[in-house]
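Visitor: Please take a close look at one residue of this model and its surroundings, and then lead me outward from there to the elements around it and beyond.

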Amino acid sequence: MIADKIRAAFDKASQRHTRPRQLIAERLIEHATSGTDFTVDDLWQELRDSEPRLGRATVYRSVEMLVNMGLLDRIEFGDGTHHYRVCGGTHHHHLTCTQCHCVVEVDVCLPVEQIRMIGSQTHFEIEGHSLSLFGRCEKCRSTHRGGDTPPLVVSVSSLKDEKPV
């Protein structure tokens, strides 16, 4: 169970059982149950209601530790932002909507032979990989279709009469 894995991760990392770390673990377990993703700042703000003196650095270090242990995934969005999600299960990747930021877990991957070939061609010993897929979800595509504004059209004839600046 993911709850036990999260609690065990703090024990394994020799983290003291402080109230802030217990709150972090419990909130992450809630995120795992609901399947929601979050930013470090979101998590920090949520936890400050219960623990006003909780430092952002404590939350950040805890999140990064769990990412490194494979219990949290860092989900990259097309606009350069990222969220985290409690996954900790099987190997998978994420497909994210560039408009609404919804996230779908997908079970696609490069074939192992292709990864080996890339390593051989580049003289790298590949230790891992991540695959980020971006697009617009069905809901955003259908919403956008109905409210499409016509594209800006500039005719060549209208530009002929313009004076250079």
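Guide: A residue is called buried when its relative accessible area is under 20%, exposed when over 50%, and partly exposed in between, using a 1.4 Å probe and protein chains only. The model is predicted, so local features need pLDDT of at least 70 and side-chain atom pairs count only at pLDDT 80 or more, while totals for chains, interfaces and linings use all residues. Residues are numbered from 1 along each chain as its sequence is written, and side-chain values use heavy atoms, with hydrogens and water left out.

The residue chosen is Phe38, which is buried because its relative accessible area is 1%. Phe38 belongs to strand S1, residues 37–38; strands (E, at least two residues) and helices (H or I, at least four) are DSSP runs numbered from the N terminus. With neighbours within four places in sequence set aside, Phe38 is in contact (heavy atoms within 4.5 Å) with Leu28, His31, Leu43, Val63, Leu72, His83, Tyr84 and Arg85. One of these partners, Arg85, lies 47 residues away along the chain, yet its C-alpha atom is 6.6 Å from that of Phe38.

Some of the partners lead to a pair of helices. Helix H2 (residues 19–34) packs on helix H3 (residues 40–48) at an angle of about 120°, and their axes are 11 Å apart; axes are lines fitted to C-alpha atoms over the stretch in contact, with angles from 0 to 180 degrees between N-to-C directions. H2 contributes Leu23, Ile24, Arg27, Leu28 and His31 to the contact, and H3 contributes Leu43, Glu46 and Leu47. Leu28, His31 and Leu43 thus appear in this contact and among the partners of Phe38.

Further along the chain is an open sheet of three strands in the order S5-S4-S6, with mixed pairing. Its edges are strand S5 (103–106) and strand S6 (132–135), each of which pairs on one side only. Strand S4 (residues 93–97) pairs with S5 in the antiparallel sense over four bridges, where at least two DSSP bridges are required for pairing. Thr96 has Val103 in S5 as its bridge partner.

Finally, the cysteines: the whole structure holds zero disulfides, a disulfide being a pair of cysteine sulfur atoms within 2.5 Å. For Cys100, the nearest cysteine sulfur is that of Cys140, 3.7 Å away. Cys102 has its closest cysteine sulfur in Cys100, at 3.8 Å, which is too far for a bond. Cys100 is partly exposed at 41% relative accessibility, and Cys102 is partly exposed at 29%.
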